[in-house]
Amino acid sequence: MTVPISYFLVLAAVLFCIGLYGVLTRRHLVIVLASIELMLNSVNINLVAFSAIGPYADITGQVFSLFVITVAAAEAAVGLAILIALYRNRDSIDVIKHDLLGTDKEKSVSTLQ
Amino acid sequence: MLAFEATWSLMTPEIVLGALAMLVFTIDFMTGIHEKKPFIGRLSIFSLLVTAVLVLVMNPQGGQIGDTFLVDPFAMVFKLIILVGVALVIMMSMNYLDRNEDIYQGEYYSILLFTALGAMIMVSSADLITLFIGLEIVSISSYALAGFKKHNIDSTEASIKYIVLGGTASAFILFGMSYLYGLTGTTSLYEIGAAMPELFADYTVMIMISLLFMLGGFGFKVSMVPFHMWAPDVYYGAPTPVTAFLATVSKLAAFGIIIRVFTLGFESIYAEWAFIVATIAAITMIVGNFIALTQQDVKRLMAYSGIAQAGYILVPIATVLNNFSITVIIFYSVAYIMMTLGAFSIITLVSEQSGRKTGMDTFAGLYQRSPYMAVAMAIFLLSLAGLPFTAGFIGKANIFLLAINGNMLWLAIIMIVTSIISFYYYFGVIKQMFMAEPKPNAEEIKVPGGIQAVVTVTLAGTVLLGILPNLLLDLFTGFNWMI
Amino acid sequence: MMGNILLWLIVVPLVGALLILTIPREYTNVIRSLAGLTAAVALVLSLVLWGMFDRGAAGMQFYEQLEWFTLGFMQVNFEIGADGLSVPLIALTTIVTLFSIVASFTIEHRVKEFYVWTLVLLTGMLGVFVALDMFLFFLFFELTLIPMFFLIGIWGGKMREYASFKFLIYTGLGSGIMFITFIVIYVQAALVSFPDPMSFSIVELTEAYTEGAAAGAVGGAMKGGMFLALFTAFAIKLPVFPFHTWLPNAHVEAPTAASMILAGVLLKMGGYGLIRVGFGIMPDQAARFATLIAVLGVINIIYGALLALVQTDLKALVAYSSISHMGIVLLGIASITEAGMQGAIFQLVSHGFISALLFFMVGAIYSRTKTRTISEMGGLSHSVPVLAGFMLAAAMASLGLPGMSGFVSELMAFIGIFGAPAEILPQAVTLGVIAVVGIIFTAAYLLWAMQRTTFGPPKEKYAGLVDAKPMEYVPMVGLLAFTILIGVYPFILSDVINTTVIDLVSKIGG
Amino acid sequence: MQLAWLIPVFPLIAFLILLFFGRLLQEKSAYVGIAALALSFIYSVLALFERVGGETYTYVFEWMTFGETSLTMGYEVTALNAMMLIVVTVVSLLVHVFSREYMHEDHRIHVFYSYLGLFSFSMLGLVLAPNILQLFIFWELVGLCSFLLVGFWYFKPEAASAAKKAFLTTRIGDVGLLIGLVLLFNEVGSFAYADIYAAVENGMVEQPMVTAIALLVFLGAVGKSAQFPLHVWLPDAMEGPTPVSALIHAATMVAAGVYLVGVMYPVFLASETALTVVAYTGAITAFFAATMALVMTDIKRVLAYSTISQLGFMILALGTAGYVAGLFHLMTHAFFKALLFLGAGSVIVAVHHRQDISVMGGLWSKMKITSVTFLIGALAIAGIFPLAGFWSKEEILASALLNGNGFLFGLALVTAFMTAFYMFRLFFKTFTGDYRGAHDDEDEADGHGEDDHHGEPHENTGFMTMPLVVLAVLAVTAGFVNLPFIGYPLEGFLTAGLNLGDQPHGELWLAFLSLAVAAGGILLAWAMYYKGSISEDFFAAKAPAVHKLLLNKYYLDELYTAVFVKPTVAVGRFFWEMDKGIVDGMVNLIGRFTSTSGRTFGKTHNGQLQTYGVVSVLGGIVVIAIAFVLRGYFG
């Protein structure tokens, strides 16, 4: 008995959402980056599932997922590098503290009228 | 479909650029990391120009490598835009880098070369995987570039914001792509496009989710509303030449793939998504221009302006998909890259000479301090605003023509009204330059050669295309953009 | 091509501006003379044009068409020409500009830029009046925004920034509406004529809409919408109530020379566009909306006059008087008679001279008294009799005293409105009567203003004021002379206009 | 007559010379003006002589074209305007001469003479006009001159405001005239008198229209000739220099309204209603103005109301088909009223620029020429045989009686009585009794020539007396041009070639009646102001309310201010507030809305990375939702 593809798809969707949730809510930057990895991996599940038991199963999906893994790794590497630079500058990797670039109240004054 | 039989010569420019980028990278390693390396900059520019020549020489006949790598006029023109754009970015960066000791010059140049390569691959790809790889080359390089001043708080913060949001966007694109692959069993855009009508009938929701996820992800790159949130902060925090790069090359390349994917893959269900794009275009124009009104910082202002400009470019896509609309988009892209790069090079110049500040008031009395730069900046801004005798005007006028011709009157009206609202902030900068008195301690501006060159080239382009648009339009009209 | 005088007209000011750019900013006198010379050359050219113009011929003269660019099936040309409608306005433009340049010889602040912008403005204005391609027309129309923005923004009064931005955005919005409408007009015609190519040529489109393919094919509702949009666009420029509020701000803040040009020429572009494009291309719609236009015209007359009556700032008063006077233009156009149309064009020209003169006088007085508040003036006839005299003459011209140009235009407009065909304008007589009553208000506010400024007991603080300087006589005498010339012998103007007007009005019948 | 165009040109040249070189000429300016007018006068006389034996001469040129229509300008010499030319040039010439002395202290005398020149030009142009449009043009120009001359002493606030009032009030009438002539043009297709006459006589103009046109044209006349209810400007216009009052506000310009009705007479004849309105307006004006003249104490104002009243007579005559009577009275009135005004001017100079008759008196012995000529003028206006006023007034009464009704006739008769009374009240108070002006110099200082308030009044020089004498002669003799005994020569001259119907002529008893009425008025005045047998305050004490009403000119000025001026200004203010608040307020509101919404959108950019993510994701969800709902993918 094969597991229906919809199980995988739902799993992937759930993982994707969990990852998204993590990105949007966690204050620790490393966890945020990890959450992105989670999202990317949910894509991998999709790809591999389709590749194995999808309506048009073929090898392309697995190849694709390899590319995704590679890219995810590269992204994580760059992300962590930046994170370190950030930490050196600010002594913190709390997401909330990094809000220096927002619209400054003083910077934006209405000039119409 | 054996890849070995493909005409690899089509890929010559990419291969050569890749090799040259490696070369630059290697030379950089060999010459020590902290030095000023103007020769590497020149070498990079040289590489880009060589590649551009190769594009011109090798690509006109067109062709494809196994459904994966396409060479057509669309790709060719976009590649030229990208190459010239990156070359201009490097040119304007050279003086900037000399003044910012914390940037490793060699890496900077080579990474820019790689982004150019990635962007070239992006616009040439007809396959989801190739496309994704090209996109990620550009993206990851951009993340690094945004944080290149690694001891600068703003720069690193911009970078981390960019990577987190950009990574998420990539995930969305991939998620969309995975559905597309799963439902068709292929990653070739041609095959997907062929299967689309039937597929849409069967799996409406999944196809639409896939489409919208991809639109959202690409939309992030072109900073269309509501996926524009990163742009102001990243534009503001990143080193100014990098901002210029993000605002031009990165954005236009993303437009390239939007057009490519949606034309090849989703053309048959155009009616299903055109109005979404139209809505997004409208919102983008409104939000971008409205927020820009209240900005007091030039880089943030340019960010919002860039958002609004993205909205303008979306209008033709929302109106009709054919050769004509692509002509309009590409003409506007050329105009856009000219005026935006010109403006950013002057912003770089001015902010560097005002202690790295980018407030609107740094432009006060620029006309007294450097008349040429002030006039040039004014023309770039007028062009961005879409006033006559500039390339921006012709570009916008073409978009109007298209929109009205395509029964998108409401979109045209929103576009023109928001354009006129944009007068307010563009002229706000002009007001600073011409009407305000310079600050007491403001020094005479010395214009470095690189910036002078960029400004002159882009100014010439902006004005020339404004007066004689047929130089390009006639050429473009003859193209059959997508094979 | 090289022989086309219209082309020279556009090019000359531009060349002048470029030449001035090459002169170092310290040589202010050289710059001034060069600017004056350029404008004088333009004036001479326009007078030559006036002389060469064939009065008897309908249609465009000095016609020139060069391909500019194509976009798909759309052809945009560089197409210029002049007829009886544009020739007087071209002359008006060069005259007013020359005088405003002379009037601004007193400016000491950033002289070079001032004249560069003025000459660019001149190019734009002349361009509007000679352009026969809608695209080109719009280009020049929009081009005039930029110099005027700077003229107000750099050399203006206290609220100059607000005023210049308001001018820019407000009239820019008008241009935007105009542009969209132009394209709609074009596209509608092009769709009908497809696959025959169609250009943006006003001449060609006029033909298409009046007797050609598009005449019957484009729907009435569509056409009505297009006309109203076009009307709105030009109404903002003219300006027509309720789109007039940018004007007082702009005028009050603008430097004298800019006010002269703004009132003298820029407003005329609205009237010109309305006649050339709105009326020219869609005469049937003009007839359909005649009542609306006439009513707005009457509102303009009365409303502008009533507001002028209660102004405390002399310049604002003159600004509102402009609004009032532009109502005459609308009234004349709405009558759709030869007399009315003639009156409208006369009013464009006449108000150009008169308002320029008025603004010059206000500026000259302001430069002495340092106030524009009416209540603070008084007794100027004693301290500056010559200026006061010219001020009075200008006021008389403005209130439509016979023997001056304003009267002729009002008379023509009234003949037109009272003689308007009943099927087009059923309420013509009522509207006409109300409008004529408006000229009582005009007399009232002007005379009241004169009473409070030039008349009255001499004031101590104005005792030492210097009367008119030689340089000031040039614009004063010049503008007044033109006003009187047209008022005394309007034939010189009507002769030029008439054939075109007959041609325009005859389209209603066919 | 071909040279008739020169008649207005001479004063124009004088005007231009004085405009450019006046400052150099100063007092010599007077001679320029006098010379120009003398030439005009000579040419007018020549023109008249030629016209008497000849035909109407017309010259026109193309002035303006529109469509197929041409408007023309030019000049023509008709019987009527040949007469008017004489009247205008004579009075103007004499006023020019008179002013030489009257104005010599004023350092702006050259300006004064240039204005006079301009006025003479305009008035003569008005008279010579061959079409009603040209008449209108000059009509407005004389209005301008009136404005300039009334406001000549611009530094006096009253003068400034009177000038404005004069211009504005007449402008109201002008608007009527303008509408009328535009309507007429649209009916007839021409402004030329000849075409208009022809069209009206052929019945080309429909009935209600012709009435409307006639009434509108008449409105112009009402304004210009200061008829009720637009008469309020004329008394105020007395703020101008006295020679100006004589020329413009007595003899010529104000008569232009009568002249207008005269030249448009065929149009009026075509409408019974219009004629009735004209007649009643004239009669009522004559009566009302006379009542006010009874109580005025300012010498010029008495004369001003008298002018209004006399103009009312003329209008009444015209309204009752007395075409010749009206125009005849116009001519005689021009002479004797100019005489009276100039006489008053002479008196005013003598009593150091004061105008209140209560400070005059006893001048008979001090200034003989002035007194005698003034008496002649007063007798003439009162209508005493055989002076000019007698002949013309008698004809007016005749036309009121024969073509009008008892009411009109009665009103005219009462007015004639009052005219005689107030004129002699004026005469007695000014010239008889004791000089009352010697003691209260300080109180009466009017800011003009304060230093020479001392000294007895004495006769003025020849520049001032000569015109008085000439005018006195004319006031005596002018009536003879239309003597009944020699077959009404003026009537024959004026009506030749025109189809105006029979002119009414009174019988002998009417002449005696009018003479008796005039004598009665004089007698009453004599009793009250010379003999003192009736107290001066007799009537004032009997009916104080009426007296007060008359003194305040029926409160018309106040009424107009309350009904027209104030509401207009209030509406203007309201509109201005509306303009700032609503019309412009909307504009600013949109601007503010734009920037506020921009700022609100901008608030989402708070720098928080995760906010950005949330906004983007939510936005994306909204986009998806919109897409799905709109396309109906869910159902």
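**Domains, interfaces and local backbone features**

Chain D is split by its domain assignment into domain 1 (271–439 + 456–551), domain 2 (555–603) and domain 3 (608–635). The model is a predicted one, and everything below should be read in that light. Between domain 1 of chain D and domain 2 of chain D, the C-alpha centres are 53 Å apart. As for its secondary structure, chain D is built from 26 helices and 2 strands. Along the principal axes, its C-alpha atoms take up a box of roughly 110 × 65 × 55 Å. Buried residues make up 59% of the 635 residues of chain D. If one looks at contacts in chain D between residues at least 6 apart in sequence, 80% of them bring together residues at least 24 apart.

Chain C has 22 helices and 3 strands. Its radius of gyration is 22 Å, close to the 24 Å that the globule rule gives for 510 residues, so chain C is as compact as a globular protein of that length. The box filled by the C-alpha atoms of chain C is roughly 75 × 55 × 40 Å along the principal axes. Of its 510 residues, 69% come out as buried. Among the contacts in chain C with a separation of 6 or more, 80% are between residues 24 or more positions apart.

Chains C and D also touch each other. The contact draws on 46 residues from chain C and 40 residues from chain D. On the chain C side, α14 (290–309), α16 (338–369), α17 (380–383), α19 (405–418), α20 (428–453) and α22 (491–509) each put in at least two residues. The biggest share of that side comes from α20(C), with 10 residues. Sorted by class, the side of chain C that touches chain D holds 32 nonpolar, 12 polar and 2 charged residues. Chain D meets chain A as well, in a contact made by 16 residues from chain A and 17 residues from chain D. Here the chain A side breaks down into 8 nonpolar, 7 polar and 1 charged.

In chain B, two helices with bends are worth a look. Helix α10 (residues 240–264) of chain B has 25 residues, which at 1.5 Å a residue should span 36 Å; its end C-alpha atoms lie 35 Å apart, so the two values agree. Even so, α10(B) bends by about 30° at B:Leu246. Of its 25 residues, 25 are buried, so α10(B) is largely enclosed by the rest of the structure. Helix α7 (residues 189–202) of chain B is made of 14 residues and runs 19 Å from its first C-alpha to its last, close to the 20 Å expected at 1.5 Å a residue. There is a kink of about 55° in α7(B) at B:Met196, and the proline B:Pro197 follows shortly after. That same B:Met196 is one of the buried residues of α7(B), together with B:Leu189, B:Ile192 and B:Gly193. An α-helix has 3.6 residues a turn, so residues three or four places apart point the same way. The buried residues of α7(B) pack against α6 (153–184) and α10 of chain B.

A few backbone details stand out too. Most peptide bonds are trans, and most residues other than glycine have a negative phi. In chain C, the peptide bond from C:Phe241 to C:Pro242 is cis, with omega near 0°. C:Pro242 sits in the loop between α10 (220–237) and α11 (246–253) of chain C. Chain D has a cis peptide bond from D:Phe228 to D:Pro229, where omega is near 5°. The loop that holds D:Pro229 runs between α8 (207–224) and α9 (233–236) of chain D.

Positive phi values turn up at two non-glycine residues of chain D. At D:His352, which is not a glycine, phi is positive at about 65°. D:His352 is placed in the loop between α15 (323–350) and α16 (368–382) of chain D. With 21 other C-beta atoms within 10 Å, against a cut-off of 20 or more, D:His352 is buried. D:Tyr555, also a residue other than glycine, has a positive phi near 60°. Its loop lies between α24 (544–551) and α25 (556–603) of chain D. D:Tyr555 counts as exposed because it has 12 C-beta neighbours inside 10 Å, and the cut-off for exposed is 12 or fewer.

Note on methods: Residues are numbered from 1 along each chain as its sequence is written. Chains are lettered from A and ligands numbered from 1 in the order in which they are written. This is a predicted model: local features need pLDDT of at least 70, side-chain atom pairs count only at pLDDT 80 or more; totals for chains, interfaces and linings use all residues. Helices (H or I, at least four residues) and strands (E, at least two) are DSSP runs, numbered from the N terminus. The radius of gyration is taken over C-alpha atoms; the globule rule is 2.2 Å times the number of residues to the power 0.38. Two residues are in contact if their C-beta atoms, placed from the backbone, lie within 7 Å. Ala, Val, Leu, Ile, Met, Phe, Trp, Tyr, Cys and Pro count as nonpolar, Asp, Glu, Lys and Arg as charged, and the others, Gly among them, as polar. Domain bounds come from an automatic or database domain assignment. The expected span of a helix is 1.5 Å times one less than its number of residues. The bend at a residue is the angle between axes fitted to the seven residues ending there and the seven starting there.
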